[in-house]
Amino acid sequence: MPAGVIKTLLEVLLSMLRVDLAYARVTRPGEAAIETASASGRPEIAQRAPELGAAMERWLKTETWNTPITIEDPLEGGKMRLLVGRFGLHEDSGVVAVCSHDQGFPTETEALLFRVAINQAVIGFQEAQLLQEHQRVERLALEAASLGTWDYDPLTQEMKWSDRCKELFGLPPDAKVDYRAFLAGLHPDDRERTHQAVQLALAAETGGRFKIEHRTRGAQDGLERWVSAAGRAFFDESGRAVRFIGTVFDITERKRVEAERERAEEAQRASHRLLQDVIDNSTAIIYVKDAAGRYMLINRRFEELFHVARDVIVGKTDYDLFPKDRADAFRAFDLRVLEAGRALESEELAPQDDGLHTYISIKAPLYAEAGRAYAVCGISTDITDRKRAEQSQLFLVRASRELGTSLDYETTLQRAAELAVPTLADVCVVFTIEGDGTLRPAAVADTSPARASSVREFLSAHPPDASASGRFGRVMSSGHPECSTGTPGFLGRAVPAGSRWEPLRELERKPSIDVPLCTRGRFLGVLSLTSAGPSRRHDPADLALAEELGCRAAFAIDNAELYRKSQESIRARDEFLSVASHELKTPLTSMTMRAQQMSTLLARGSEGPRLATQLSAMLHVVNRQLQRLGLLVGELLDVSRITSGRFTLRAEEVDLAALLRDVADRFSEQAQTTGCTLSVKCEGPVVGAWDRLRLEQVVANLLTNALKYGANGPISVKACAERDKARLVVEDRGIGIANHDLARIFERFERAAPSRNFGGLGLGLYITRQIVEAHGGRIWAESQPGMGATFFVELPRGSSCAS
Ligand code: ADP
């Protein structure tokens, strides 16, 4: 309670009510009176407040409030009239008592004025309290509490104003006043409103109450003042207003302070709006939490990501928003910042709609003036993508390293599958494309090793659809990976009922990614990733990572395949070299022996027909071996021509039937020696545009083989024309060829018969095929082991010879 305010109130009461004594006491709960004061026309009584208070105490009871009673004068004896009122101000409560020796005290007006004065004083006190914030309590309280009074007789229009009232209208104490002067003294903007309020108070039905805040404009000093006016009109029995009395006091300062505060608050609101606008436009999450972890401010991004409105979050903590483990982590970091007293940086994980996100958070303490940290301000930037890119890079580096550790084909396939698990999927299957176009499950990796064997078994029994319209075919033809979100079955194949496939049930309808394995423009297969987890969803980042892994895997698989082929080539070459040297050496050895024998014969000096016969026989052998050598070298030369692209054809009109008879003739002697019959069957001429010498080579190769592998059985050779084609068939009854060798024997160096029984370079059929294909034809064999073999050659009869 501002000091001196009580005193002012008592003085106002003494002057307004013309009482002999006034006493007031203010108490606070749990405390004795915190202020007492008394006043009187006589200063010596004013000095005796405590004594007066003690003497009056027994009268100051609830029952006496606002009800006048007669008492003994507590100080000087005799009867007195007592009026007690009370007021409350915040926690304080006050009692005010006024005494008069006039036995007619108080009149109704005096009783009313008593209450108005107390109320106005209380309002004044409140104003003063408000101003206390601005360090001007004393002066303003006094000013505010300094009441002016007015008394207006509506019948006579007579008006009485106290000096203070005149002062508030900028008039000197001796100024004459009337209602017109009152209206003239009002600020033009408030005049009508105030006049209306007076008119309303003077109307009996409104009860005569009057309360308004308005401005005055000093008639003489021209100053503008704010005034709080309150009063009451009284009416006669006919409802006519007979008196209108009230008080005024100056609230200019309060209004100024209010305006100032309003401006300050508006400035604060504007700066808050500016701050909010700035932080709302940030893509980072920004927030302020008080020292107890309660949110004070968040930005729009925060609202959007965590689905919480800023006016709802204020006062809430992380425990109201996030799972406990996350909230614990956030709080621990906040506390570290408060303890450190400076900004700290750390990575934090926050749960969002699409899973956990990684943030880099910078948090700093905010300080109150006293140097005490009252809050933590945080700015958190989402680095999930960056983090993921880093992890993806690391993953791919590791994948490249792992894939490069082996050149073994099967090991590489398995590594590729294992790398994807569990980073990209729970199950990874690497399918390779087989020669017949089917997809083979070449490698399986599974987070559950027990299930892996079921997966392998199932896919071997139910190979996936490799047709162009199937999911794998689509991926291979587009060359791009595809995500599928739970198609029926497992990898597009329905899992049959039965406990055998039970482990695969949980893989049905699960999201998967199929990545084509492609390198050097060639498809090697498909890498298929399936996620068994309940909530796993593959996003574009997974797809990109899977594609990258697919690229690296394809590259490694291709390398391993090339390595495997090169190893096979080396093996084939070594084998060929050993066979070739053997083949070349045999005729050479034979010729060397004959040459030595001839030298010996000649050295003996023998002559005559016997020597000639011996030498002729030996020369015959040498001749045969030379032919054989010539054939071997010819084959080698042809292969070298084919591989170096120097193999050309010279087409001319050729009768295949005549050619066949001619070549067969050349072989008749050899056939006779081995005791086999060689029959040639041709119906009329079979004419076409072919390279004669090369065609002779084809027939000779097939006949050589028939004699070589024909087990001395009969050999038949046929040629016939079939519209625009010519067909040549060479059939023997020899050792035959196993089914799995039928295609292979046409490849370079490929042989199917045991080399210890049959010599040869494994080049004859290869060269034959090259010649036939160069003519635009085709060659194939039909056979069964032990049942002989039939070789078919089909040639277009036109001049479509390719070079
Ligand atoms: P080679 O010099 O070994 O005979 P070819 O290329 O002519 O080479 O034949 C390849 C292989 O095909 C032979 O090694 C043999 O195993 C098989 N082959 C060729 N013709 C016949 C045939 N008429 N009967 C059985 N096997 C044959």
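A polar contact, as I will use the term this morning, is a pair of N or O atoms within 3.5 Å, and I begin with that cut-off because the ligand contacts I want to show you depend on it. Please also keep in mind that what you see is a predicted model.

Let us start at the ligand. A nitrogen atom of the ligand is 2.9 Å from an N or O atom in the side chain of Asp-732, and since the cut-off is 3.5 Å this pair counts as a polar contact. An oxygen atom of the ligand is 2.8 Å from an N or O atom in the side chain of Tyr-709, while in the case of Leu-761 the partner is a backbone N or O atom, which lies 3.2 Å from an oxygen atom of the ligand. The ligand on its own has 520 Å² of accessible area, and the protein covers 98% of that area.

Where does the ligand sit? The ligand sits in the largest pocket, and 20 residues surround it, with Tyr-709, Asp-732, Ala-752, Ala-753 and Leu-765 being the closest. If we sort the residues of this shell by character, we find 11 that are nonpolar, 5 that are polar and 4 that are charged.

Which element gives the most to the shell around the ligand? That is helix H21, with 3 residues. Helix H21, which runs over 692-709, is joined by helix H22 (764-774) and strand E27 (789-796) in supplying at least two residues each to the shell.

Now let me step back to the protein chain, whose secondary structure comes to 22 helices and 27 strands. Along its principal axes, the C-alpha trace of the protein chain spans about 195 × 55 × 50 Å. The radius of gyration of the chain is 60 Å, whereas a compact globule of 803 residues would have one near 28 Å.

I will finish with some details of the backbone. The peptide bond between Phe-105 and Pro-106 is cis, with omega about -5°, and Pro-106 is placed in the loop between strand E5 (92-100) and helix H4 (108-132). Another cis peptide bond leads from Val-421 to Pro-422, with omega near 5°, and here the proline lies in the loop between helix H15 (409-419) and strand E16 (427-433). Finally, Gln-157 has a positive phi of about 65° although it is not a glycine, and you can find Gln-157 in the loop between strand E6 (148-153) and strand E7 (158-161).

Key:
Residues are numbered from 1 along each chain as its sequence is written. This is a predicted model: local features need pLDDT of at least 70, side-chain atom pairs count only at pLDDT 80 or more; totals for chains, interfaces and linings use all residues. Side-chain values use heavy atoms; hydrogens and water are left out. A residue is near a molecule or strand if one of its heavy atoms lies within 4 Å of it. A polar contact is a pair of N or O atoms within 3.5 Å; within protein, one must be able to donate a hydrogen and the other to accept it, and residues adjacent in sequence count only if both atoms are side-chain atoms. Accessible areas come from the Shrake-Rupley method with a 1.4 Å probe; for residues, only the protein chains shown count as cover. On a 1 Å grid over the protein atoms alone, a cavity is a set of points where a 1.4 Å probe fits but cannot get out, and a pocket is an open set with protein on both sides within 12 Å along at least five of seven lines; lining residues have an atom within 4 Å of a point. A molecule sits in a cavity or pocket if more than half of its atoms lie within 2 Å of its grid points. Helices (H or I, at least four residues) and strands (E, at least two) are DSSP runs, numbered from the N terminus. Ala, Val, Leu, Ile, Met, Phe, Trp, Tyr, Cys and Pro count as nonpolar, Asp, Glu, Lys and Arg as charged, and the others, Gly among them, as polar. The radius of gyration is taken over C-alpha atoms; the globule rule is 2.2 Å times the number of residues to the power 0.38.
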